[in-house]
Amino acid sequence: MSTVGEFVRAAAQGGEWWHMLLDAVVVSETWFFRDAPMFAELVERVRASAETFGSPATRIFSCPCATGEEPFSVAMALSAAGIAPKAFTIEAADISPRLIRTAQQGTFSSRSFREVKDRDLNLYFDHPPDHGRRQLAAPYREMVKFRVLNLAAAPRLPMFDIILCRNLLIYLHDGARRSVMETLQNSLAPGGVLFVGHAEASIALECGLRPSGDLRAFGFVRPGQLQPGVRPEPKRPPSIVPNRVVQPIETSGGGRAVPTLQEIRNLGDRGAVAEAIRACRQYVH
(Lines give C-alpha, C1' and ligand atoms only; values in the text may rest on other atoms or scores of the structure.)
Protein backbone atom coordinates (compact mmCIF):
# COMPACT_ATOMS: atom_id res chain seq x y z
CA MET A 1 0.00 0.00 0.00
CA SER A 2 1.33 3.41 -0.93
CA THR A 3 -0.91 5.69 1.15
CA VAL A 4 -2.55 5.78 4.54
CA GLY A 5 -5.90 6.14 2.79
CA GLU A 6 -5.45 2.76 1.11
CA PHE A 7 -4.77 1.14 4.46
CA VAL A 8 -7.79 2.82 6.08
CA ARG A 9 -10.07 1.62 3.29
CA ALA A 10 -8.68 -1.91 3.53
CA ALA A 11 -9.01 -1.96 7.34
CA ALA A 12 -12.60 -0.72 7.10
CA GLN A 13 -13.45 -3.92 5.23
CA GLY A 14 -12.45 -6.01 8.24
CA GLY A 15 -10.30 -9.10 8.09
CA GLU A 16 -6.53 -9.19 8.44
CA TRP A 17 -5.89 -5.44 8.05
CA TRP A 18 -8.54 -4.54 10.63
CA HIS A 19 -7.05 -6.95 13.17
CA MET A 20 -3.57 -5.64 12.41
CA LEU A 21 -4.80 -2.12 13.18
CA LEU A 22 -6.45 -3.30 16.40
CA ASP A 23 -3.30 -4.98 17.63
CA ALA A 24 -1.32 -1.82 16.90
CA VAL A 25 -3.53 0.48 18.96
CA VAL A 26 -5.11 -1.63 21.72
CA VAL A 27 -3.49 -1.34 25.15
CA SER A 28 -3.18 -4.89 26.49
CA GLU A 29 -1.24 -4.23 29.70
CA THR A 30 -2.25 -6.82 32.33
CA TRP A 31 -0.82 -9.13 34.97
CA PHE A 32 -1.94 -11.69 37.55
CA PHE A 33 -3.79 -10.36 40.61
CA ARG A 34 -3.60 -6.76 39.46
CA ASP A 35 -5.07 -4.63 42.29
CA ALA A 36 -5.41 -7.15 45.13
CA PRO A 37 -8.34 -5.41 46.94
CA MET A 38 -10.60 -6.10 43.96
CA PHE A 39 -9.93 -9.82 44.09
CA ALA A 40 -10.48 -9.94 47.85
CA GLU A 41 -13.84 -8.18 47.44
CA LEU A 42 -14.86 -10.48 44.58
CA VAL A 43 -14.02 -13.60 46.58
CA GLU A 44 -16.13 -12.45 49.52
CA ARG A 45 -19.11 -11.74 47.29
CA VAL A 46 -18.92 -15.14 45.62
CA ARG A 47 -18.46 -16.84 49.00
CA ALA A 48 -21.50 -15.07 50.45
CA SER A 49 -23.61 -16.13 47.50
CA ALA A 50 -22.33 -19.73 47.63
CA GLU A 51 -23.22 -19.96 51.32
CA THR A 52 -26.80 -18.84 50.70
CA PHE A 53 -29.05 -21.87 50.37
CA GLY A 54 -30.46 -22.32 46.89
CA SER A 55 -28.35 -19.61 45.25
CA PRO A 56 -27.40 -20.30 41.62
CA ALA A 57 -23.80 -20.19 40.46
CA THR A 58 -22.32 -16.69 40.42
CA ARG A 59 -21.85 -15.54 36.82
CA ILE A 60 -18.60 -13.59 36.29
CA PHE A 61 -17.57 -11.68 33.16
CA SER A 62 -14.16 -10.12 32.41
CA CYS A 63 -13.92 -7.76 29.43
CA PRO A 64 -11.52 -6.67 28.08
CA CYS A 65 -9.45 -9.64 29.26
CA ALA A 66 -6.36 -9.13 27.05
CA THR A 67 -4.18 -12.25 27.41
CA GLY A 68 -6.26 -13.74 30.21
CA GLU A 69 -4.39 -12.92 33.40
CA GLU A 70 -7.42 -11.25 35.00
CA PRO A 71 -10.04 -14.02 34.54
CA PHE A 72 -7.47 -16.70 35.37
CA SER A 73 -6.62 -14.76 38.55
CA VAL A 74 -10.32 -14.88 39.45
CA ALA A 75 -10.32 -18.66 39.00
CA MET A 76 -7.18 -19.05 41.10
CA ALA A 77 -8.42 -16.72 43.86
CA LEU A 78 -11.78 -18.50 44.16
CA SER A 79 -10.10 -21.90 44.22
CA ALA A 80 -7.61 -20.76 46.85
CA ALA A 81 -10.55 -19.61 48.98
CA GLY A 82 -12.01 -23.11 48.88
CA ILE A 83 -14.99 -22.17 46.70
CA ALA A 84 -16.12 -25.10 44.57
CA PRO A 85 -16.04 -24.61 40.77
CA LYS A 86 -19.76 -25.40 40.60
CA ALA A 87 -20.44 -22.21 42.59
CA PHE A 88 -19.33 -19.89 39.78
CA THR A 89 -18.85 -19.52 36.03
CA ILE A 90 -16.26 -17.27 34.36
CA GLU A 91 -16.53 -15.81 30.87
CA ALA A 92 -13.97 -13.49 29.31
CA ALA A 93 -13.77 -11.51 26.09
CA ASP A 94 -11.54 -9.14 24.17
CA ILE A 95 -11.73 -7.32 20.85
CA SER A 96 -8.46 -8.87 19.63
CA PRO A 97 -8.53 -12.45 18.25
CA ARG A 98 -4.76 -12.63 18.70
CA LEU A 99 -5.02 -11.84 22.42
CA ILE A 100 -7.82 -14.36 22.86
CA ARG A 101 -5.72 -17.09 21.21
CA THR A 102 -2.86 -16.25 23.57
CA ALA A 103 -5.20 -16.39 26.57
CA GLN A 104 -6.55 -19.80 25.56
CA GLN A 105 -3.02 -21.20 25.40
CA GLY A 106 -2.50 -20.23 29.05
CA THR A 107 1.26 -19.72 28.78
CA PHE A 108 2.75 -16.64 30.46
CA SER A 109 6.08 -14.85 30.76
CA SER A 110 7.65 -13.50 33.94
CA ARG A 111 6.15 -10.08 33.20
CA SER A 112 2.71 -11.48 34.09
CA PHE A 113 3.81 -12.39 37.62
CA ARG A 114 4.91 -9.03 38.97
CA GLU A 115 2.39 -9.11 41.87
CA VAL A 116 2.44 -12.77 42.89
CA LYS A 117 5.58 -12.94 45.01
CA ASP A 118 3.58 -14.08 48.05
CA ARG A 119 1.73 -16.86 46.21
CA ASP A 120 2.82 -20.43 45.56
CA LEU A 121 2.67 -20.61 41.78
CA ASN A 122 3.34 -24.36 41.85
CA LEU A 123 -0.26 -24.81 42.97
CA TYR A 124 -1.52 -23.39 39.68
CA PHE A 125 1.13 -24.09 37.05
CA ASP A 126 2.19 -27.41 35.55
CA HIS A 127 5.97 -27.20 35.78
CA PRO A 128 8.88 -24.87 36.59
CA PRO A 129 9.50 -22.00 34.18
CA ASP A 130 10.67 -22.90 30.68
CA HIS A 131 12.80 -20.04 29.40
CA GLY A 132 10.89 -17.71 31.71
CA ARG A 133 7.43 -18.95 30.65
CA ARG A 134 4.92 -21.00 32.66
CA GLN A 135 1.88 -23.04 31.63
CA LEU A 136 -1.30 -22.67 33.68
CA ALA A 137 -2.64 -26.04 34.81
CA ALA A 138 -5.53 -27.42 32.74
CA PRO A 139 -8.17 -27.30 35.53
CA TYR A 140 -7.75 -23.52 35.79
CA ARG A 141 -7.63 -22.97 32.03
CA GLU A 142 -10.89 -24.89 31.72
CA MET A 143 -12.64 -22.64 34.26
CA VAL A 144 -12.65 -19.70 31.81
CA LYS A 145 -14.59 -19.53 28.53
CA PHE A 146 -13.12 -17.02 26.06
CA ARG A 147 -14.59 -15.25 23.04
CA VAL A 148 -13.92 -12.27 20.75
CA LEU A 149 -16.16 -9.29 21.48
CA ASN A 150 -16.25 -5.54 20.80
CA LEU A 151 -18.02 -3.94 23.76
CA ALA A 152 -18.17 -0.59 21.97
CA ALA A 153 -20.42 -2.13 19.30
CA ALA A 154 -23.25 -2.35 21.87
CA PRO A 155 -23.68 -6.14 21.80
CA ARG A 156 -26.48 -7.93 23.62
CA LEU A 157 -24.96 -9.79 26.55
CA PRO A 158 -26.40 -12.32 28.99
CA MET A 159 -26.86 -11.29 32.61
CA PHE A 160 -23.89 -11.43 34.97
CA ASP A 161 -23.61 -11.09 38.74
CA ILE A 162 -20.07 -9.71 38.62
CA ILE A 163 -18.59 -7.76 35.72
CA LEU A 164 -14.94 -6.72 35.51
CA CYS A 165 -14.45 -3.92 32.99
CA ARG A 166 -11.27 -2.27 34.16
CA ASN A 167 -9.22 0.28 32.25
CA LEU A 168 -11.25 0.29 29.06
CA LEU A 169 -13.48 3.33 29.59
CA ILE A 170 -10.51 5.68 29.96
CA TYR A 171 -9.50 4.99 26.34
CA LEU A 172 -12.92 5.67 24.76
CA HIS A 173 -14.49 8.87 23.47
CA ASP A 174 -17.69 10.03 25.17
CA GLY A 175 -20.10 8.34 22.77
CA ALA A 176 -18.40 4.96 22.97
CA ARG A 177 -18.10 5.28 26.75
CA ARG A 178 -21.84 5.88 27.12
CA SER A 179 -22.58 2.93 24.83
CA VAL A 180 -20.34 0.58 26.79
CA MET A 181 -21.74 1.69 30.15
CA GLU A 182 -25.29 1.16 28.88
CA THR A 183 -24.39 -2.34 27.71
CA LEU A 184 -22.74 -3.19 31.03
CA GLN A 185 -25.61 -1.88 33.15
CA ASN A 186 -28.16 -3.75 31.04
CA SER A 187 -26.12 -6.92 31.61
CA LEU A 188 -25.76 -6.47 35.37
CA ALA A 189 -28.10 -8.83 37.23
CA PRO A 190 -30.13 -7.49 40.17
CA GLY A 191 -27.74 -7.10 43.06
CA GLY A 192 -24.75 -7.40 40.74
CA VAL A 193 -21.52 -5.44 40.97
CA LEU A 194 -19.41 -3.76 38.29
CA PHE A 195 -15.68 -3.39 38.97
CA VAL A 196 -13.91 -0.59 37.08
CA GLY A 197 -10.39 0.79 37.06
CA HIS A 198 -9.34 3.30 39.69
CA ALA A 199 -9.32 6.10 37.09
CA GLU A 200 -12.90 5.25 36.04
CA ALA A 201 -14.77 5.68 39.32
CA SER A 202 -16.10 9.09 38.33
CA ILE A 203 -17.59 7.58 35.16
CA ALA A 204 -19.51 4.99 37.19
CA LEU A 205 -20.77 7.69 39.53
CA GLU A 206 -21.91 9.87 36.63
CA CYS A 207 -23.92 6.89 35.34
CA GLY A 208 -25.86 6.68 38.60
CA LEU A 209 -24.03 3.76 40.21
CA ARG A 210 -22.85 3.86 43.80
CA PRO A 211 -19.71 2.43 45.46
CA SER A 212 -20.10 -0.83 47.34
CA GLY A 213 -17.78 -2.80 49.59
CA ASP A 214 -14.10 -2.00 49.95
CA LEU A 215 -13.61 1.38 48.28
CA ARG A 216 -10.15 0.28 47.10
CA ALA A 217 -11.82 -2.39 44.96
CA PHE A 218 -13.78 0.20 42.90
CA GLY A 219 -16.92 -1.92 42.81
CA PHE A 220 -20.23 -0.24 41.91
CA VAL A 221 -23.87 -1.32 42.19
CA ARG A 222 -27.20 0.14 41.25
CA PRO A 223 -28.72 2.24 44.05
CA GLY A 224 -30.73 0.21 46.52
CA GLN A 225 -29.40 -3.17 45.40
CA LEU A 226 -27.22 -5.67 47.22
CA GLN A 227 -25.42 -8.74 45.95
CA PRO A 228 -27.55 -11.82 46.77
CA GLY A 229 -26.39 -13.32 50.04
CA VAL A 230 -24.43 -10.25 51.10
CA ARG A 231 -25.40 -8.70 54.40
CA PRO A 232 -26.10 -4.97 54.46
CA GLU A 233 -22.85 -3.11 54.81
CA PRO A 234 -22.09 -1.63 58.21
CA LYS A 235 -22.04 2.12 58.54
CA ARG A 236 -18.67 3.45 57.49
CA PRO A 237 -17.08 6.67 58.65
CA PRO A 238 -17.22 9.48 56.08
CA SER A 239 -14.82 8.75 53.25
CA ILE A 240 -13.71 12.32 52.68
CA VAL A 241 -10.84 13.88 54.56
CA PRO A 242 -11.30 17.09 56.55
CA ASN A 243 -12.30 20.16 54.54
CA ARG A 244 -8.96 21.79 55.09
CA VAL A 245 -7.47 19.42 52.50
CA VAL A 246 -10.03 20.41 49.87
CA GLN A 247 -10.65 24.07 50.63
CA PRO A 248 -7.91 26.67 50.18
CA ILE A 249 -6.28 27.75 53.43
CA GLU A 250 -5.34 31.30 54.18
CA THR A 251 -1.67 31.58 55.10
CA SER A 252 -0.10 34.19 57.32
CA GLY A 253 1.20 35.97 54.22
CA GLY A 254 -2.25 36.24 52.69
CA GLY A 255 -1.60 33.45 50.18
CA ARG A 256 -3.77 30.39 49.71
CA ALA A 257 -2.49 26.90 50.43
CA VAL A 258 -3.44 24.06 48.08
CA PRO A 259 -3.61 20.30 48.59
CA THR A 260 -0.51 18.25 47.88
CA LEU A 261 -0.52 15.51 45.25
CA GLN A 262 -0.42 12.90 48.01
CA GLU A 263 -3.49 14.42 49.67
CA ILE A 264 -5.29 14.33 46.33
CA ARG A 265 -4.28 10.69 45.88
CA ASN A 266 -5.61 9.89 49.36
CA LEU A 267 -8.96 11.42 48.43
CA GLY A 268 -9.19 9.27 45.32
CA ASP A 269 -8.13 6.13 47.17
CA ARG A 270 -10.90 6.71 49.71
CA GLY A 271 -13.50 6.99 46.95
CA ALA A 272 -14.09 10.71 47.47
CA VAL A 273 -14.01 11.36 43.73
CA ALA A 274 -15.84 14.71 43.69
CA GLU A 275 -13.55 16.10 46.40
CA ALA A 276 -10.49 14.79 44.58
CA ILE A 277 -11.57 16.51 41.37
CA ARG A 278 -12.05 19.82 43.20
CA ALA A 279 -8.64 19.39 44.80
CA CYS A 280 -7.08 18.73 41.38
CA ARG A 281 -8.57 21.95 40.04
CA GLN A 282 -7.18 23.80 43.06
CA TYR A 283 -3.78 22.29 42.45
CA VAL A 284 -3.51 23.21 38.75
CA HIS A 285 -4.83 26.75 39.29
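**Reading the labels in a predicted model**

Me: What makes up the open sheet, and in what order do the strands stand?
Reply: In this predicted model, seven strands make up an open sheet with mixed pairing, ordered β5-β2-β1-β6-β7-β9-β8. β5 (144-148) and β8 (210-211) each have a single partner strand, so they stand at the edges and one side of each lacks a neighbour in the sheet.

Me: How do you know that β8 and β9 pair?
Reply: Pairing requires at least two bridges between the strands. β8 and β9 (residues 219-221) have two bridges, in the antiparallel sense, so they count as paired. Arg 210 stands opposite Val 221 in β9.

Me: Why is the contact between Asp 23 and Arg 98 called a salt bridge?
Reply: The cut-off is 4 Å between a side-chain nitrogen of Lys or Arg and a carboxyl oxygen of Asp or Glu. The closest N and O atoms of Asp 23 and Arg 98 are 3.2 Å apart, so the pair qualifies. Asp 23 lies in helix α2 (residues 15-25) and Arg 98 in helix α5 (residues 97-105), so the salt bridge ties together parts 75 residues apart in sequence.

Me: Why is Asp 23 called partly exposed?
Reply: Partly exposed is the range between buried, under 20% relative accessible area, and exposed, over 50%. Asp 23 has 27% relative accessibility, and therefore counts as partly exposed. Arg 98, at 37%, is partly exposed too.

Me: What makes Asp 161 buried, and what is its partner Arg 59 called?
Reply: Asp 161 has a relative accessible area of 9%, under the 20% limit, so it is buried. Arg 59 has 32% and is partly exposed. Their side chains meet in a salt bridge at 3.0 Å, N to O. Asp 161 lies in strand β6 and Arg 59 in strand β1 (residues 58-62), so this pair ties together parts 102 residues apart in sequence.

Me: Which residues are joined into one salt-bridge network, and what makes it one?
Reply: Glu 29, Arg 111 and Arg 114 are joined by salt bridges that share partners. The total count of salt bridges comes to twelve.

Me: What makes Tyr 283 eligible for the nonpolar surface patch?
Reply: A patch residue needs over 30% relative accessible area and no salt bridge. Tyr 283, in helix α11 (residues 273-284), has 39% relative accessibility, so it passes the area limit. The patch also holds Val 258, Leu 261 and Val 284, with about 390 Å² of accessible area together.

Notes:
Residues numbered from 1 in each chain as written. Predicted model: local features only at pLDDT ≥ 70, side-chain atom pairs only at ≥ 80, totals over all residues. Heavy atoms only, no water. Helix = DSSP H or I, 4+ residues; strand = E, 2+ residues; numbered from the N terminus. Patch = residues over 30% accessible without salt bridge, like charges linked within 9 Å, V, L, I, M, F, W, Y side chains within 5 Å. Areas by Shrake-Rupley, 256 points an atom, 1.4 Å probe, with all protein chains shown as cover. Buried < 20%, exposed > 50% of the residue type's maximum accessible area, 1.4 Å probe, protein only.
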